[in-house]
Each structure stands twice: as C-alpha cells, then as structure tokens.
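Trainee: Could you take me through this one and explain the terms as we go?
Mentor: Sure, have a look first.

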Amino acid sequence: MSPDGGFPLAATARSALGTAPKPTPVNIFVHGTRLLGAKEGQLRIAVAGAVTTDLIARAVGVGAAQENIAPVIYQGPFGAWRQEALDGNSALHRFAPDLVVLVTDWRDAVVELPLNTPAAAVEEAVATKIAGYRRAWDALRAGSSGRRIVQHLPAAPAAQLVGIAELRSPASPRAQLAIFRAAMLAAGPDIAFLDTEGLADDPAAWFGAKLPFAQDNLPEYVARFRSVLRQITGRAKKVLALDLDNTLWGGVIGDDGVEGIALGPDTPKAEAFHAFQSYAKSLAARGVILAVCSKNDPAIAATGFSHPHSVLAHADFPAFECAWTDKAGGLRRIAKTLNVGVDSIVFADDNPAECALIREQLPEVAVVELGDDPASFIGRLEEGRWFESQGLSAEDLARGSAYQARAQAAAAESDAADLPSFLKNLEMRGRVFRAEGAALTRIAQLEGKTNQFNLNTTRHADAAIAGFAARPDALVLGATLADKFGDHGLISSIVAVAEGDALVIDNWLMSCRVFSRSLEPFMLRALLAEAAARGLARIVGSYTPTPKNDVVANLYPSLGFTEIEQGRRWERAVAAPTDDLVSYIAEGS
Amino acid sequence: MSDTKLAPERITKRLSRIFNKAFPSVEVAEAPNATMDTVQGWDSIATLTLFMLCEEDFGIKLGYDRIAETKSFNDLFKLLESKLS
C-alpha cells in the first residue's frame with residue numbers, strides 16, 4: 001500500500017516530509033490543509049472533539065501520509081463529539097470512518113466537586129464520567145466491527161493552585177485526573193490511547209483558538225499519533241538494529257581493543273554509553289528484538305561485549321551482522337534472519353553518512369541518527385516513539401526473557417573459570433522418557449528443523465515417529481532440560497531399533513541451544529538402561545555427514561564408543577562401566 | 001534600528017511567497033489582491049498558518065489576538081509593517 005498510486009496529496013506530503021519523526025509546524029499546516037481536501041484515500045479518519053480540531057485534523061493527516069497511508073479526513077462540528085458518537089445517523093456515522101480520533105482533554109474529565117469530597121465519592125464521580133465515555137465508544141463501534149478508536153488520554157491541567165495540597169485532595173482537578181487516567185485505561189482494553197501528558201497547555205492558544213495545547217507541540221503530536229497509528233494498523237516496529245563503535249561503546253573496538261573502549265563508570269561519556277546499553281536491554285525485556293548492524297570484523301566486534309561493564313552480551317542479539325560491505329545489505333540479512341519485514345526495523349547509528357545511505361536505499365526503515373553525544377542517544381531514539389504499544393502480551397514478555405535467559409547463560413559461561421564449574425553453576429535438571437502424544441509431534445518438528453546436532457538427518461515426519469514409538473522392537477526417547485535461567489522444554493530425541501544383539505540408534509538430535517551441556521552422556525545412560533532392560537549387548541551408533549552436521553562427527557568416540565566402520569559406525573558394550581559418562585544434570589523437571 | 005527595517009516592497013515580496021506557500025493556487029504575482037472572500041480554503045486556521053509562516057520567515061512573534069481581524073493580504077501586510085518597524 002503506497003499513496004503514490006492515485007493519491008497525489010498524500011504522496012506529495014510524504015515526499016516533502018519524509019519519515020522524520022517531527023515535521024515542522026509550518027509543514028503540518030501547509031500539507032495538512034491540503035490533505036483535508038482529499039476525497040479519496042486508504043483510511044477514513046474522523047476527528048471529533050470538545051475543542052478545535054482543525055489543527056489536530058491537519059496533524060493527523062500529515063501523520064498518516066508519513067506512514068504511507070493516504071487519509072480521507074472528516075471533522076465533526078465543534079464540541080459535538082458526544083452527540084455525533086451517540087446519534088447513529090450523525091454526519092460522523094454517515095462518513096463511515098475506519099478510525100475515530102476523540103480529542104478530549106481534562107476539561108471533559110474533571111467534575112467540579114467540593115475540595116473536601118472523600119476519595120470514595122470522587123472515584124464514584126470519575127466512574128460515572130468514564131461510563132459516559134464507554135457508551136460513546138460502544139456507540140461509535142456499533143457502526144462497524146472493524147472501526148478503531150483513538151482516544152486522547154487527558155493530562156492534568158497546568159494550574160498548580162495550592163501545590164502539593166492539591167495532590168493530597170482527591171477532589172482537586174489534578175488528583176481527579178490521576179484517578180481518571182487509570183480508570184479510563186482500565187475501561188478501554190479495546191481502545192487505542194494517545195497520551196497527551198507533556199503536550200503543554202498554552203492559555204493563549206486556548207483562548208485564541210481553542211487549541212488543546214500549544215501549537216509548538218504539534219510536531220510532537222504528529223510523532224505520538226503516528227506511533228498509535230502504527231500500533232493499530234499492524235505496522236509496529238519490532239527490531240532495533242544498532243551500530244557498535246561509538247554507538248554501544250565509545251571508540252573503535254578494532255583500533256582501541258576491549259580495554260580501550262569507553263563503557264562504564266569511568267567517565268561521563270563512558271557512563272552514557274553504559275546507560276544506552278541498559279536502555280536497549282530494557283527494550284529487549286519488553287519484546288523488542290535487538291540486532292547488530294556494523295562495519296566490523298565479526299570476531300573482533302563480539303569482543304566488545306566481553307568488556308567488564310558491558311550490559312549487553314553477544315547472545316542478546318538474535319541477529320548479528322558484521323561485515324565490511326554496506327549496511328543496507330546488513331539490514332536486509334537481519335530481516336531475513338529474523339523473518340520480519342525490512343519495514344519493521346529501526347536502525348540507530350552515530351554516523352550521519354550511514355544514516356543517509358539507509359534513508360536512500362531502504363526508505364522503509366526508520367533511521368535514528370544518534371549524533372556524537374551519547375548522553376542524548378536515548379532521547380533521540382525515543383523521539384519517534386517507535387516501540388510504544390498499548391499493552392504487553394505474554395509473548396512479548398516471553399520473547400524478552402527467552403533471549404535474556406540465553407544471554408545470562410552466556411554471561412555465566414564467560415564468568416566461570418572452567419567448563420565443569422560453569423555446568424554445575426547452571427543447576428540443570430533433565431528428564432529422559434519414552435515419548436508419546438504431543439512429545440512425538442514435537443520430536444517430528446525437531447527432526448524437520450535440526451541441522452547441526454543431527455546424526456543421520458533422517459527427517460522423520462510425524463507419522464513415522466509415531467510408528468517407531470508403537471513398534472515393540474523400537475523406541476523413541478525424548479529429553480527435557482531446565483536450568484536456573486529458564487526451561488528449554490523438549491530439546492533432544494533418540495530413535496533406536498533393536499537388531500540382533502544391538503540397539504541401533506537410527507537418529508539422535510539435539511537443539512543447538514543445549515549442546516555441550518553434558519546432556520549427551522545423560523541421555524546415553526538412559527539409553528544404556530533401555531538396552532539392558534531388553535537384554536541387548538551393544539549400542540550401535542552411526543553418522544551420516546552433511547554440510548551442516550560437522551559438530552557431531554566425533555560424538556560417538558567422545559562418548560566412549562569404538563569404531564566399527566571408519567568415521568561412520570561405532571559401538572559400545574552395554575555391560576561396560578559408565579564412569580566415563582560424566583553429567584552435571586540432575587534428574588528432574 | 002533603521003538599517004534593519006524592511007522596505008515595504010521587500011515585505012510585499014516575501015509575503016507574496018508566503019501566500020503562495022499556504023495557498024498553492026494563489027500565484028505570487030496575484031497574492032497582494034488576496035482576501036478571505038476570494039481565496040478558496042482561507043479559513044481562520046489558514047490565517048493561523050499564514051501567521052506561523054510569517055513568524056518563521058520574518059523571525060517575529062505575531063500571537064493570536066489579531067487572527068480574527070486579519071482578512072486580506074493587506075491586513076497582514078499592515079500588521080507585519082507595524083511589527084517590523
């Protein structure tokens with residue numbers, strides 16, 4: 001969807017304004033005014049409110065155009081939003097909007113109450129007020145199930161009156177507003193809110209033109225509206241792609257080395273880089289996917305994260321693109337690795353030339369030019385409100401913690417003096433069991449997608465795995481693993497078939513997240529017990545090389561197997577002592 | 001301050017370009033004749049737009065109180081002239 005085809009007003013505005021988070025007030029006026037004249041477009045937006053909506057309507061139009069959406073805008077009569085919403089035959093309803101923006105402010109929230117009104121009575125008054133909004137929302141949505149509502153979340157009036165005493169009196173406008181905001185959010189899980197907090201009240205603008213905030217705040221309003229628009233039209237940004245040198249640390253890792261980069265408490269600058277890393281990490285905890293896009297040698301670049309004050313670890317980045325080629329290519333590869341669209345990436349870099357290149361080559365990427373003062377990086381990144389959302393889902397939080405668990409495990413790895421103490425530190429619990437039901441489906445999934453730890457790459461499908469599980473002469477084992485950082489779930493399986501005096505491993509696979517955690521000997525012990533129970537004398541394992549499974553070429557020799565066919569087949573006696581099969585995993589789940 | 005004072009014809013020239021920017025349908029040469037009645041789309045918000053463009057272009061503050069009484073190129077020209085002298 002691009003406004004270029006057939007929507008010249010939106011296309012003109014977009015090409016004049018680009019995607020910069022904050023167009024100037026003049027541009028909002030000029031292009032917004034033209035956009036109000038659009039008769040056709042991709043999104044019908046009704047702007048209704050208790051205040052002058054003329055400027056908001058222009059800002060909304062400009063914001064939509066910047067998001068590559070050609071708007072058709074309707075403005076309700078001044079102050080008549082409630083009647084317009086409740087009357088199913090109003091001009092607003094007849095306009096049949098896809099989106100309704102409700103421009104109300106504290107004047108439509110605060111009830112005049114005596115200052116000594118008790119808290120419970122204030123809450124009741126607020127609840128009544130909120131119920132009125134709920135009725136209006138429902139009436140607006142009654143027209144169309146797909147219709148979305150963007151409701152301004154009011155902010156407190158500017159007047160401080162008697163200061164702190166206001167905040168201590170629940171009935172004061174400022175105290176009421178705090179209650180009102182929370183109640184409104186709770187009452188509208190289906191409503192998209194646009195927070196007006198910080199859009200400064202301007203008495204002159206109010207008295208002169210009934211503007212809800214100073215016109216200087218219009219650019220900021222555009223940024224906020226665009227953020228909400230992205231959220232409700234499935235255009236939310238998902239990935240933060242970061243440069244390394246002079247972005248995540250001060251200096252050039254390739255020249256200055258780990259000891260030479262600025263990161264940590266030593267200088268104000270180093271502290272600012274540290275704070276920026278913490279900020280990125282906090283975004284990750286909220287479901288934003290981090291990526292590195294840097295011109296560097298990958299091995300040297302990664303050493304930056306071993307700096308003692310690095311908040312971020314290499315494992316925090318599900319995509320890590322370091323190459324000397326141009327960064328547009330890097331961003332395309334990141335999108336591919338993460339299986340997301342290029343337009344869901346926000347790219348942040350200190351270098352204006354790199355930013356310019358991305359703006360030119362990948363205009364769909366949101367580019368944040370960080371500049372040369374690390375203290376302002378967080379502010380620059382927040383300006384566009386790229387990652388804001390109306391609520392965090394369980395998946396968002398899980399995405400964050402899954403990556404975090406990996407990162408912490410990796411950090412523990414670098415802290416530990418040697419492998420055995422690292423593995424002990426992980427406090428691992430594992431279970432090996434005969435797979436059935438859903439576990440069989442999961443194993444078929446692993447068969448399909450595991451490339452590295454996959455001995456024979458058999459690619460058994462669901463039915464085949466179930467077939468093995470049902471055969472008296474065969475068995476399918478699954479293994480789960482958990483450690484102090486998280487539960488990995490079912491991450492390994494063995495399919496084996498009895499042949500003569502041997503239990504022959506048909507295939508063994510393991511998710512790459514957990515290899516070298518001593519799960520291999522742990523599982524082999526369970527398999528030996530199965531063979532012993534069946535009265536079999538040997539376990540036979542085989543390996544079929546592929547371009548990707550090199551990592552397990554020596555698995556069987558490392559587990560005490562003897563070669564019977566060079567590089568391809570090994571055996572181990574079931575009765576042999578098992579002292580060599582050392583594991584740091586305790587039984588349990 | 002007399003050397004920084006703008007000559008009337010400079011104000012006219014710059015204001016004409018501003019009109020053309022706010023109302024692309026108004027040619028620069030035609031701008032001095034523009035009034036609220038003759039220019040399509042000239043409402044009070046458009047006046048505000050003109051004020052903002054002038055504030056930006058001339059580097060002055062015009063405020064809101066004269067918006068209602070500004071109904072023609074000439075009104076705005078006079079306002080600018082008074083602020084710039």
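Mentor: Helices here are DSSP runs of H or I with at least four residues, and strands are runs of E with at least two. Keep in mind that this is a predicted model. By that count chain A has 22 helices and 19 strands.

Trainee: What makes residues 54–66 of chain A a helix?
Mentor: A helix needs a DSSP run of at least four residues. Residues 54–66 form such a run, helix H3 of chain A, and H3 gives the largest nonpolar core its largest share, 8 residues.

Trainee: Why is Phe19(B) called a member of the largest nonpolar core?
Mentor: Such a core joins buried residues of certain types, Phe among them, through C-beta atoms within 7 Å. Phe19(B) is one of the residues that touch the most other members of this 85-residue core, alongside Leu35(A), Val47(A) and Ala59(A), among others.

Trainee: How do you know that Ala59(A) touches Tyr221(A)?
Mentor: Contact takes C-beta atoms within 7 Å. Tyr221(A) is listed among the contacts of Ala59(A), together with Ile28(A), Gly32(A), Leu218(A), Val222(A) and Phe225(A), leaving aside residues up to four places away in sequence.

Trainee: How many residues of chain B are in contact with chain A?
Mentor: 14 residues of chain B meet 11 residues of chain A. H2(B) brings 7 residues, the largest share of chain B's side. That side divides into 8 nonpolar, 3 polar and 3 charged residues.

Trainee: What share of chain A counts as buried?
Mentor: Buried takes 20 or more other C-beta atoms within 10 Å, and 44% of the 589 residues of chain A count as buried.

Note on methods. Residues are numbered from 1 along each chain as its sequence is written. Chains are lettered from A and ligands numbered from 1 in the order in which they are written. This is a predicted model: local features need pLDDT of at least 70, side-chain atom pairs count only at pLDDT 80 or more; totals for chains, interfaces and linings use all residues. A residue is buried if 20 or more other C-beta atoms lie within 10 Å of its own, exposed if 12 or fewer, and partly exposed in between; C-beta atoms are placed from the backbone. Two residues are in contact if their C-beta atoms, placed from the backbone, lie within 7 Å. Ala, Val, Leu, Ile, Met, Phe, Trp, Tyr, Cys and Pro count as nonpolar, Asp, Glu, Lys and Arg as charged, and the others, Gly among them, as polar.
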